[in-house]
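Dear colleague,

I am passing a structure on to you with this message, and I would be glad if you kept it open while you read the notes below it.

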Amino acid sequence: MDLRYTDAAPSDAEREAVDALLGPPPSGWEGAERTDEDLRWARGGASAAKDRRDQLLPALHAVNDRVGWISEGALDYVCRRLTVAPAEAYGVATFYAMFSVRPRPAKVLHVCTDLACAARGSAAVCSDLTERLGAPGTPAEGAVWQESPCLGLCERAPAALLLQAGAEREQPGADTVRHASVVAPATASALVAAVRAPLDAPEEPPAAAAVPQAGDPALVLLRRIGTVDPASLDDYRSTGGYTALRRAFALGPAGVIREVLDAGLVGRGGAAFPTGRKWQATAQQADGPHYLVCNADESEPGTFKDRVLMEGDPYALIEAMTIAGYAIGAHQGYVYLRGEYPRAYERLGHALTSARTRGLLGPDVLGQGYAFDIEIRRGAGAYICGEETAIFNSIEGQRGEPRSKPPFPVEKGLFGKPTAVNNVETLVNVLPILEHGAAAYAATGTETSTGTKLFCVSGQVSRPGIYELPFGASLRELLDLAGPPGRLRAVLLGGAAGGFVRPDELDVPLTFEGTRAAGTTLGSGVVLVLDDSVELPRVLLRIAEFFRDESCGQCVPCRVGTVRQEEALHRIVHRTGAAAAQDIALMREVGQAMRDASICGLGQTAWNAVESAIDRLGVYK
């Protein structure tokens, strides 16, 4: 792909998809028919083009959603509309796994082969599917299937997601319905039937199906799921919705931040940074405007809590984001949502429309003179975009690569302006803090890990799903709720970037400090339970493959180290004794280099799970 525009023309469908998003082209310089006036005057310029660059990812989605892939003509038309060099747009389009710049059928079946699904038999499903439909990537039955990293459907593993390109269709009571269908638990027969049938988006189980504790009065973050209609704003308000926002307006921005600080709330995405300090640092920046970004790109294998919150209680996230925006002085918020979450996209879109209609978003929220609105930006299949600065690049229309820090996001974040980034679970925790007060919130949990925590339990358990427990409960208590296997082999905490726990370590307290003292991590709340039927070397190899595939390639330690780690694990499978010891020593050296020198958390944690399996579980010995 060149820096210059080409002579390739978009199809009518591709042009319509882009124009539906961006509006009709205003001049021949942006894709319309050339006129005599265009030959004398080129409107806009570098500044106008820069202001439009953030529409690149939505425009690529528009084409991909309508046609199923992004042709040279479509890419050229998008570039003309946004004044982006084709080579740059090509670099963005090829960065994301859900896009294709090569022809493919309108139906694409994503079959998860990641940790939770692998533990539940995804390899057998893929083997059967290969016999029926051909190898991955081979068009058959008007569709193509491909192996996929975690789809965030771990409680229904093994899982698959079927997407079909085409015009959106209207549905009464909702904005639009995208052509998407979840098949979980998946069998080869069910997947072939789904591929052959018209895609009518069959009804999925409700979000409450992923919450074994649904209806328990002791729940805090999950209390509405299963008891309130997620599509009804009135239902939400009847159960205390928007009480927290009213109290926020009564306290003022500084008062809200003080409550969050006193409550001891820390981030639930894995870093555990104090939320109040982040908000305070953002609010104090003189530069403006300020932005709020909700990180809803939970791509860590085994994580699905944010999906359940967005599908089952979308108004809670909207209210919490409005409070956060008010506290930091932001008037615009963004939800960066996983592209693999079509139902969450629909639920949030509907909730945002309802909130705007009722004056809960917009130029005058609740008549308080505060303007705030939220926009959803969809990711497109890139684990690295869960990193906060990679989100900024993705929203801005760049490749989703992390930025070097400092400067930190609170100083220069989205569009180079002060930005606070929090994940869904962190934000939703703000509601009970303001509803009941900081002291009441801090009374739950431990001194340094306050409140409750959501845990994503999957693997070989009887009742997989999302569990909410106070910080300080033990891993054993959590597994007793989920129904542990009779022959427990290990528990992986924190996902692919986490660490393993042995069966004799189940009394470890589930707190940030407790898991750290035990030599592992709480991470985002992943609890993957494995019995002795699972081949741990195969699990480690899948983790290594995952990090190799998901490395953005920007820095040498991660780009090279993840490949060397995977190569060593492949060799160890066929070698023993001194030869295996040499590869283990090599992996330790490579792992330390990645940990010390990688730009972001992907490279810094890519060795964690393999290291813990070798040291704690005695794998390869």
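What follows is a short account of two groups of strands and of the helices beside one of them.

Please keep in mind that this is a predicted model. The first group is an open sheet of four strands, arranged in the order β7-β6-β5-β8 and paired in the parallel sense. Because β7 (373-378) and β8 (419-423) stand at its edges and have a single partner strand each, one side of each is left without a neighbour in the sheet. On average, and with direction ignored, neighbouring strands of this sheet are turned by 20° against each other. Within it, β5 (residues 290-296) runs parallel to β6 (residues 330-337) and is joined to β6 by seven bridges, and you can find L292 opposite G333 of β6.

Two helices are worth viewing together with this sheet. Helix α16 (residues 342-357) packs on the sheet and touches β6 and β7, its direction making about 165° with that of β7, whereas helix α17 (residues 388-395) lies across β5, β6, β7 and β8 and runs at about 100° to β6.

The second group centres on strand β11 (residues 488-493), which is mostly covered, with five of its six residues buried. Five bridges connect β11 with β13 (residues 526-531) in an antiparallel arrangement, where L492 faces L528. Strand β11 also pairs with β12 (residues 499-501), again antiparallel, over three bridges, and L493 has G499 of β12 as its bridge partner. Together β11 and β12 make a hairpin with five residues between them, and G494 in the turn has a positive phi of about 90°.

With best wishes

Conventions. Residues numbered from 1 in each chain as written. Predicted model: local features only at pLDDT ≥ 70, side-chain atom pairs only at ≥ 80, totals over all residues. Heavy atoms only, no water. Pairing = 2+ DSSP bridges. Axes fitted to C-alpha atoms, helices over the stretch in contact; angles between N-to-C directions. Contact = heavy atoms within 4.5 Å. Buried < 20%, exposed > 50% of the residue type's maximum accessible area, 1.4 Å probe, protein only.
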